[in-house]
Amino acid sequence: MTTDYRIKRVYTGNSSPTDSAILPVCIGNDVHEGNKFKVTLKWIVQKFAHVHVLVVDALQRHTIEFLEGVTPARAYDLSIKRGQEWVERHRELLETFGLRGNLIYWSDLLRTTEYPAHYQIVAGALKSCAKLQSTLEMDIDAFERRLLRRSSNFNSAQLRESCRNYILEELAAQHQVNIKTAGVEVYPNVELYSAQAIRAGLTPSIPSNFVAVGFVRMSYRRLKETPCIEKMVDCSISPLL
């Protein structure tokens, strides 16, 4: 039996007015499957004129390699295969909602000529900017807690290094989407602390437009529960920053 959902809460943070949204789809996350994803699309097309779906395939190779114990090459192949399978499963749904925007693959971002330079900007800033260092460690702590819910049989040092590589790549690669779309990122999880710090201008060596112009976090409620309330809550910057 399938479960139907509605949007329970929408939290907006530090968002500039825009008619464009970026919808990252992390392959393997069940929130981007079934009725949760359907209700997300329904909400987002009502709020934004242009919706760019970012299929986060190759980035997941870091997690696949670590969680599934496969080689880097195998992890990459699996991430690409699962991304293609996700698109095929949801192609009809995406067409049904008539999204006006682009379907963007993470693996394509990594192959652009701009990506190495963007990565060096982030990696260089990490060496000299204390705020980026501290917020990245907070992101890694949160990432580690999420992964440890799946299993505790991990080498902590290797886990944190995998998380660090994941986040550095995420900040560098998604910049290409941000500058081309000028969109708000819509995602059902908390935003990276490091991304919040960059947008707030707390990392002088990385311009604030390196990240999305704003961030919208969504949460869901099953229809059989209390009726949904869409509530806009200002969470522009974490108090921990």
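This section describes the secondary structure, strand pairing, salt bridges and nonpolar cores of a predicted model.

The protein chain contains 8 helices and 7 strands. Of its 241 residues, 48% are buried. When contacts between residues at least 6 apart in sequence are considered, 82% of them join residues that are at least 24 apart.

Strand β3, which spans residues 50–56, is paired with two other strands. Strand β2 (residues 20–26) is joined to β3 by 7 bridges, and these two strands run parallel. Within this pairing, L23 stands opposite V53 of β3. Strand β4 (residues 103–105) is also parallel to β3, and 3 bridges join the two. Here the bridge partner of V53 is L103 in β4. V53 thus takes part in the pairing with β2, through L23, and in the pairing with β4, through L103. In β3, 6 of the 7 residues are buried, so this strand is largely enclosed by the rest of the structure. In general, the side chains of a regular strand alternate between the two faces of the sheet.

The connection between β2 and β3 involves helix α1 (residues 34–47), and the three elements together form a right-handed β-α-β unit. Helix α1 has 14 residues and reaches 21 Å from its first C-alpha to its last, which is close to the 20 Å expected at 1.5 Å a residue. The buried residues of α1 include F37, T40, L41 and I44. V39 and W43 in the same helix are buried as well. As background to such patterns, an α-helix has 3.6 residues a turn, so residues three or four places apart point the same way.

A total of 12 salt bridges was counted in the model. One of these joins the side chains of E33 and R89, with an N to O distance of 2.6 Å. E33 belongs to the loop between β2 and α1, whereas R89 belongs to helix α3 (residues 72–96); the pair therefore ties together parts that are 56 residues apart in sequence. E33 is partly exposed, its relative accessible area being 25%.

A second salt bridge is formed by D141 and R160, whose closest N and O atoms are 2.9 Å apart. Because D141 lies in helix α6 (residues 130–148) and R160 in helix α7 (residues 156–181), this pair ties together parts that are 19 residues apart in sequence. The two partners fall into separate accessibility classes: D141 is partly exposed, with a relative accessible area of 30%, while R160 counts as buried at 17% relative accessibility. For R160, the assignment follows because buried means under 20% relative accessible area.

Helix α7 also holds a salt bridge between the side chains of R164 and E161, with an N to O distance of 3.4 Å. These two residues are 3 residues apart in α7 and are therefore separated by about one helical turn. Both are partly exposed, R164 at 21% relative accessibility and E161 with a relative accessible area of 39%. R160, E161 and R164 belong to a network of salt bridges that also links E137, D141 and E144.

The largest nonpolar core comprises 39 residues, and L54, W106, L109, I167 and L171 have the most contacts inside it. At least two residues of this core are supplied by each of β2, β3, α4 (106–110), α5 (115–128), α6, α7 and α8 (193–199). The largest share, 9 residues, comes from α7. One of the core residues, I167, touches L136, D139, I140, F143, L192 and S194, when residues up to four places away in sequence are not counted. Another core, of 25 residues, lies apart from the largest one; among its members are L41, V53, L99 and V216. This second core thus includes V53, the residue of β3 that stands opposite L23, and L41, a buried residue of α1.

Helix α8 also contains Q196. This residue is buried, with a relative accessible area of 9%. Q196 and F215 are 19 residues apart in sequence, and their C-alpha atoms are 9.0 Å apart in space.

Key
Residues are numbered from 1 along each chain as its sequence is written. This is a predicted model: local features need pLDDT of at least 70, side-chain atom pairs count only at pLDDT 80 or more; totals for chains, interfaces and linings use all residues. Side-chain values use heavy atoms; hydrogens and water are left out. Buried means under 20% relative accessible area, exposed over 50%, partly exposed in between (1.4 Å probe, protein chains only). Helices (H or I, at least four residues) and strands (E, at least two) are DSSP runs, numbered from the N terminus. Two strands pair if DSSP finds at least two bridges between them. A crossover is right-handed if, with the strands pointing away from the viewer, the path from the first strand over the helix to the second runs clockwise. A salt bridge is a side-chain nitrogen of Lys or Arg within 4 Å of a carboxyl oxygen of Asp or Glu. A nonpolar core is a set of buried Ala, Val, Leu, Ile, Met, Phe, Trp, Tyr and Cys residues joined through side-chain atoms within 4.5 Å. Contact means heavy atoms within 4.5 Å. The expected span of a helix is 1.5 Å times one less than its number of residues.
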